[in-house]
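Good morning, everyone, and thank you for making time for this. I would like to walk through one structure with you, going from the overall picture to a handful of individual residues.

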Amino acid sequence: MCMVIFAPIFAICAFATCGGYYGHLQVKVDCADRRQSNLSINIDFGYPFRLQEVHFKAPLCEAEREEVIFLDGNFSSSAQFFLTVGVFAFLYSLLATIVYVFYQNKYLRNNRGPLVDFVVTVIFSITWLVSSCFWAKTLSDIKTATNPTQVLLLMSACRAQENKCTATQEPVWSRLNTSVVFGFVNVILWVGNIWFVFKETGWYKTGQRYPTRSASGKRASEMRQRLYNESSFEQPEEGFGPQLNRQDSFNQQVSRQGSFNQAQVSLSLPHAYLGKPVIHDRDNKVASQGPMIFVNEA
């Protein structure tokens, strides 16, 4: 089955690209007096993206001291949900692979294995869809929260026009973008696998094993029509020789069957033949004779 081959691979790719992410942002603050300038402020964040716990120190250009700044947002729920679905999908795929290969007879016994597999496949299809949609929206919010322009606005020194603040290094999002793609690939894979699992269940086999009466009646009617066409009553166009056509052969068989049936009947019917009728005049004398019917009861 396609799930056995591809599901573990794409599940690993999905949760590995999400769970192993590490982002780095570097900004630079140039104060107007040049005494409190900090040319390298490093901001590191990663999975599970609890950005409210990520903090860094930025200089205060008006005084000789620094301030501690925290990022905004907690995006751990969607990220952890996406990773959890990937891990459990990977484990179930491995278990299904072992069952398909080594315990095929037990899997098909009493139809329980295919039914359980079908229900679990539907559940994973739904969870992959929900988690991938949530993770795609969450990734967009993470990009907004870690945008260099947004981070620089959190610093008091950068809100002053006389100071100059710039970003020297921005996070790379290609890995997280790939995780979103793998998430939706898993959705397509598991949804497509529903049909293959459904064919193993008793619901599909029952529908194939017991066709409806209308279908069987239709087949019987077509068979009768085919046999009738084969024994059609068309006369031969040429070759009026001693060879009999199909209709003549059919009539001979009917005649033989009728002769056989008559031989089995011991009671014979009366025979009738045509005679001449007798016409009488007023004096009750025979005037003329015409055809008459006589019955022989012998």
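I will begin with the whole protein, move on to its largest pocket, and then take several residues one at a time.

Please keep in mind throughout that this is a predicted model. The protein has 298 residues, of which 32% are buried, and its secondary structure consists of nine helices and nine strands. Its accessible surface comes to about 20,000 Å², and carbon and sulfur atoms hold 57% of that area. If we take the contacts with a separation of 6 or more, 64% of them are between residues 24 or more positions apart.

Let me turn to the largest pocket, which holds about 170 Å³ of space. Which elements give two or more residues to its lining? They are helix H2, residues 76-102, helix H3, residues 104-108, and helix H4, residues 112-145. H2 gives the most, with five residues. By class, the lining has eight nonpolar residues, one polar residue and two charged residues. Among the residues that line this pocket are Tyr-92, Leu-95, Tyr-103, Lys-106, Gly-113 and Asp-117.

One of those lining residues, Tyr-92, leads us to Phe-124, since Tyr-92 is also among the residues in contact with Phe-124. Phe-124 lies in helix H4 and is buried, because its relative accessible area is 13%, and the cut-off for buried is under 20%. Leaving aside neighbours within four places in sequence, Phe-124 is in contact with Val-85, Phe-88, Ala-89, Tyr-92 and Trp-190. For Trp-190, the separation along the chain is 66 residues, while the C-alpha atoms of Phe-124 and Trp-190 are 7.1 Å apart.

Next I would like to look at the loop between strand S2, residues 38-46, and strand S3, residues 55-60, where Pro-48 is found. Most residues other than glycine have a negative phi, and most peptide bonds are trans. Against that background, the bond that joins Tyr-47 and Pro-48 is a cis peptide bond, with omega at about 10°. Phe-49, which is in the loop between S2 and S3, is not a glycine and has a positive phi, near 65°. Is Phe-49 buried or exposed? Phe-49 counts as buried, because its relative accessibility is 0%.

From there I move to Asn-163, which sits in the loop between helix H5, residues 148-152, and strand S5, residues 164-169. Why does Asn-163 count as buried? The relative accessible area of Asn-163 is 11%, and buried means under 20%, so Asn-163 falls in that class. Which backbone atoms lie by the polar atoms of its side chain? The backbone nitrogen of Ala-32 lies 2.9 Å from a polar atom of the Asn-163 side chain, and the backbone oxygen of Ala-157 lies 3.0 Å from a polar atom of that side chain. Ala-32 and Ala-157 also appear among the residues that Asn-163 touches, together with Asp-30, Cys-31 and Cys-61, if residues up to four places away in sequence are not counted. As for Arg-34, the C-alpha atoms of Asn-163 and Arg-34 are 9.4 Å apart in space, with their positions 129 residues apart in sequence.

Gln-26 offers another view of strand S1, residues 22-30, in which it lies. The side chain of Gln-26 makes a polar contact of 2.8 Å with the side chain of Asn-42. Not counting residues up to four places away in sequence, Gln-26 touches Ser-40, Ile-41 and Asn-42, and also Ala-167, Thr-168 and Gln-169.

My last residue is Arg-175, in helix H6, residues 174-198. Arg-175 is partly exposed, because its relative accessible area of 38% lies between the cut-offs of 20% and 50%. Apart from neighbours within four places in sequence, Arg-175 is in contact with Ala-16, Thr-17, Gly-20 and Tyr-21. A polar atom of the Arg-175 side chain lies 3.2 Å from the backbone oxygen of Ala-16. The C-alpha atoms of Arg-175 and Tyr-21 are separated by 7.1 Å, although the two residues are 154 residues apart along the chain.

That is where I will stop, and I am glad to go back to any of these residues in the discussion.

Technical notes: Residues are numbered from 1 along each chain as its sequence is written. This is a predicted model: local features need pLDDT of at least 70, side-chain atom pairs count only at pLDDT 80 or more; totals for chains, interfaces and linings use all residues. Side-chain values use heavy atoms; hydrogens and water are left out. Helices (H or I, at least four residues) and strands (E, at least two) are DSSP runs, numbered from the N terminus. A polar contact is a pair of N or O atoms within 3.5 Å; within protein, one must be able to donate a hydrogen and the other to accept it, and residues adjacent in sequence count only if both atoms are side-chain atoms. Contact means heavy atoms within 4.5 Å. Buried means under 20% relative accessible area, exposed over 50%, partly exposed in between (1.4 Å probe, protein chains only). Accessible areas come from the Shrake-Rupley method with a 1.4 Å probe; for residues, only the protein chains shown count as cover. On a 1 Å grid over the protein atoms alone, a cavity is a set of points where a 1.4 Å probe fits but cannot get out, and a pocket is an open set with protein on both sides within 12 Å along at least five of seven lines; lining residues have an atom within 4 Å of a point. Grid points are joined across faces, edges and corners, and a volume is the space filled by probe spheres set on the points. Ala, Val, Leu, Ile, Met, Phe, Trp, Tyr, Cys and Pro count as nonpolar, Asp, Glu, Lys and Arg as charged, and the others, Gly among them, as polar.
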